[in-house]
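Colleague: I am new to reading structures. Could you walk me through this one, a feature at a time?
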Amino acid sequence: MSDRLFIFDTTLRDGEQVPGCQLNTVEKIEVAKALEELGVDVIEAGFPVSSPGDFNSVVEISKAVTWPTICALTRAVENDIRVAADSLTYAKRKRIHTGIGTSDYHIRYKFNSTREEILERAVACVKYARRFVEDVQFYAEDAGRTDNEYLARVIEAVIKAGATVVNIPDTTGYCLPQQFGEKIKYLMEHVDGIHKVTIATHCHNDLGLATANTMAGVLNGARQAEVTINGIGERAGNTSLEEVAMILKSHRELCIDTNINTPRISAVSRMVSNLMNMPVQPNKAIVGRNAFAHSSGIHQDGVLKNRESYEIIDPKDVGVDENSIVLTARSGRAALKHRLHVLGIDLDKDALDKAYEAFLKLADRKKEINDDDVMLIAGEHHKAKHRLKLDFLQVTSGVGVKSVASIGLDIAGEKFEACASGNGPVDAAIQAIKHIIRRKMHVKEFLIQAINHGSNDVGKVHITVEHEGVNYYGFSANTDIIAASAEAFIDAINKFVR
Ligand code: KIV
Ligand code: ZN
């Protein structure tokens, strides 16, 4: 008989906290539905007290999703808990996730408090949350650096107070797998009543050990893993859902199953990467572009003779369809629609028409349209709603001459033009835009990425623009990287010019 590991996905809370990854409510619902289809057990939908937007997202996700438990995060503060309970009104299965820092670092420096006082606050918040819901999860923030004996006392007390799930986060990603495993083992052996509740891991990736620590926790008795799609999350991120799911699927000898519908992994990974504008590193395990690409001659020869010589996972098991139809300028709307569906995107007729138009334009410039291109095209229709649009852009540049750009912008239907020079074509285009949009703003970060290979590739541009002390994120993709840079700059400006 296999054991079951519950998958708690926090892409929409810990993942969404990352600067530049913010989603609107509609996008969050889209992700939540994809997570439901993927088979996650719990969706942490937000931190409702943090903003009206977060509150509203938890409400709407609760309405939209049927099977997974919807979880809302709080601090150990009564008002947070009341607001979280309110936001969960429509959830079919609901959970409040409340807690407090238990390491001496948190107790001394964050709370200026004592171990005894923190223990009392932990118990009080669990008891208070139990007034509103039956399923209460307690987190001991920075449990990774918390003294085991004290942690055991806190956990025993919150279980007595009514916690149903106890989360042991390695908040700073500090632990070694052996230490983290021993911590879970210590709790399993020293806490009265621990077998009545589920122990959860929540590991951060600061030392690249998040998945290893999660697995060490699971092997020592944890039965809920807190994860995110593509491992996104605070700083270096959280444990990747796809890694944990595929480790357990590959190592059948562990006799631990998840409910993850693994062939959906690839589509959900792309959806999250695209909506959150967070590229996946090409060599990322399971979902990276190169995860199943064999480039050396020896490897290719081995794989052709027998796939298992170099592959431990069948790409189809994570939804990588090797025989996917190659889309070209001759492909019809139906082929594009099918490819979008395989990638987890269903567009209505209008959006599909617009996507098809964009597809044909791109196919004119690029021989083969791959999945990354299709995902970018699908995102294009969001841009149509922008107040500020690029009308035209002409740039002259070269060696030994100054770069000059002339640009036309459409601002809510009115046309504006400007010319500027710069220390390169991108700078010239940005200066020209600044001549039209006379706001104080400066580019803080600028990143160009090629998606595939070859000189006909699509370039993705990520940009961060600071305006009045706030950072705004912009993104675009185009086979012309100067155009992509100008569009990304305009995308960021659209977020503060209303
Ligand atoms: O990393 C952490 O400790 C958290 C908690 C709020 C669970 O995200
Ligand atoms: Zn976290």
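Modeller: Let's begin with the ligand shell, keeping in mind that this is a predicted model. Three elements each supply at least two residues of the shell around ligand 1: α1 (11–15), β6 (136–141) and β7 (165–170).

Colleague: Which residues are around ligand 1?

Modeller: Reading along the chain, they are Arg13, Asp14, Leu73, His97, Tyr139, Glu141, Asn167, Pro169, Thr171, His202 and His204. By character, the shell divides into three nonpolar, five polar and three charged residues.

Colleague: Which side chains have a polar atom close to an oxygen atom of ligand 1, and what are the distances?

Modeller: For contacts like these, look for pairs of N or O atoms within 3.5 Å. Arginine 13 places a polar side-chain atom 2.9 Å from an oxygen atom of ligand 1. For aspartate 14 the corresponding distance to an oxygen atom of the ligand is 3.1 Å, and for histidine 202 it is also 3.1 Å. As for cover, ligand 1 taken alone exposes 260 Å², and the protein buries 92% of that.

Colleague: His97 was in your list of shell residues. What joins the side chains of histidine 97 and glutamine 137?

Modeller: A polar contact of 3.1 Å joins them. Glutamine 137 is found in strand β6, and it counts as buried because its relative accessibility is 0%, where buried means under 20%.

Colleague: Now the aromatic rings, please. How do I describe a pair?

Modeller: A pair of aromatic rings is described by two things: the distance of the centres and the angle of the planes. This structure holds three aromatic pairs. In one of them, the ring centres of tyrosine 128 and phenylalanine 132 are 5.2 Å apart and the planes stand at 70°, so the pair is edge-to-face; the cut-off for that label is over 60 degrees.

Colleague: Is tyrosine 128 buried or exposed?

Modeller: Tyrosine 128 is buried, with a relative accessible area of 8%. Its partner, phenylalanine 132, is partly exposed at 37%. Another pair, tyrosine 472 with phenylalanine 496, is tilted, with 4.8 Å from centre to centre and 50° between the planes. Tyrosine 472 lies in strand β16 (residues 470–478) and phenylalanine 496 in the segment after α17 (481–494), so this pair ties together parts that are 24 residues apart in sequence. Both tyrosine 472 and phenylalanine 496 are buried.

Colleague: Which charged ends sit over a ring?

Modeller: Here you look for a charged end above the face of a ring. The charged end of lysine 63 sits over the ring of tyrosine 90, 4.8 Å from its centre. Arginine 145 has its charged end over the ring of tyrosine 105, at 4.0 Å from the ring centre.

Colleague: What about backbone angles? Which residues have a positive phi without being glycine?

Modeller: Aspartate 142 is one, with a phi of about 60°. Its place is in the loop between β6 and α7 (148–161), and it counts as buried at 0% relative accessibility. Isoleucine 286 is another, with phi near 70°. You can find isoleucine 286 in the loop between α11 (265–275) and α12 (297–305), buried with a relative accessible area of 13%.

Colleague: One last thing: how far apart are methionine 215 and glycine 231 in sequence and in space?

Modeller: They are 16 residues apart in sequence and 15 Å apart in space, C-alpha to C-alpha. Methionine 215 lies in helix α9 (residues 210–219) and is buried, with a relative accessible area of 9%.

Notes: Residues are numbered from 1 along each chain as its sequence is written. Chains are lettered from A and ligands numbered from 1 in the order in which they are written. This is a predicted model: local features need pLDDT of at least 70, side-chain atom pairs count only at pLDDT 80 or more; totals for chains, interfaces and linings use all residues. Side-chain values use heavy atoms; hydrogens and water are left out. A residue is near a molecule or strand if one of its heavy atoms lies within 4 Å of it. A polar contact is a pair of N or O atoms within 3.5 Å; within protein, one must be able to donate a hydrogen and the other to accept it, and residues adjacent in sequence count only if both atoms are side-chain atoms. Accessible areas come from the Shrake-Rupley method with a 1.4 Å probe; for residues, only the protein chains shown count as cover. Helices (H or I, at least four residues) and strands (E, at least two) are DSSP runs, numbered from the N terminus. Ala, Val, Leu, Ile, Met, Phe, Trp, Tyr, Cys and Pro count as nonpolar, Asp, Glu, Lys and Arg as charged, and the others, Gly among them, as polar. Rings of Phe, Tyr and Trp (its six-membered ring) pair if their centres lie within 6.5 Å; planes under 30 degrees apart count as stacked, over 60 as edge-to-face and the rest as tilted. Buried means under 20% relative accessible area, exposed over 50%, partly exposed in between (1.4 Å probe, protein chains only). A charge sits over a ring if NZ of Lys or CZ of Arg is within 6 Å of the ring centre and within 35 degrees of the ring normal.
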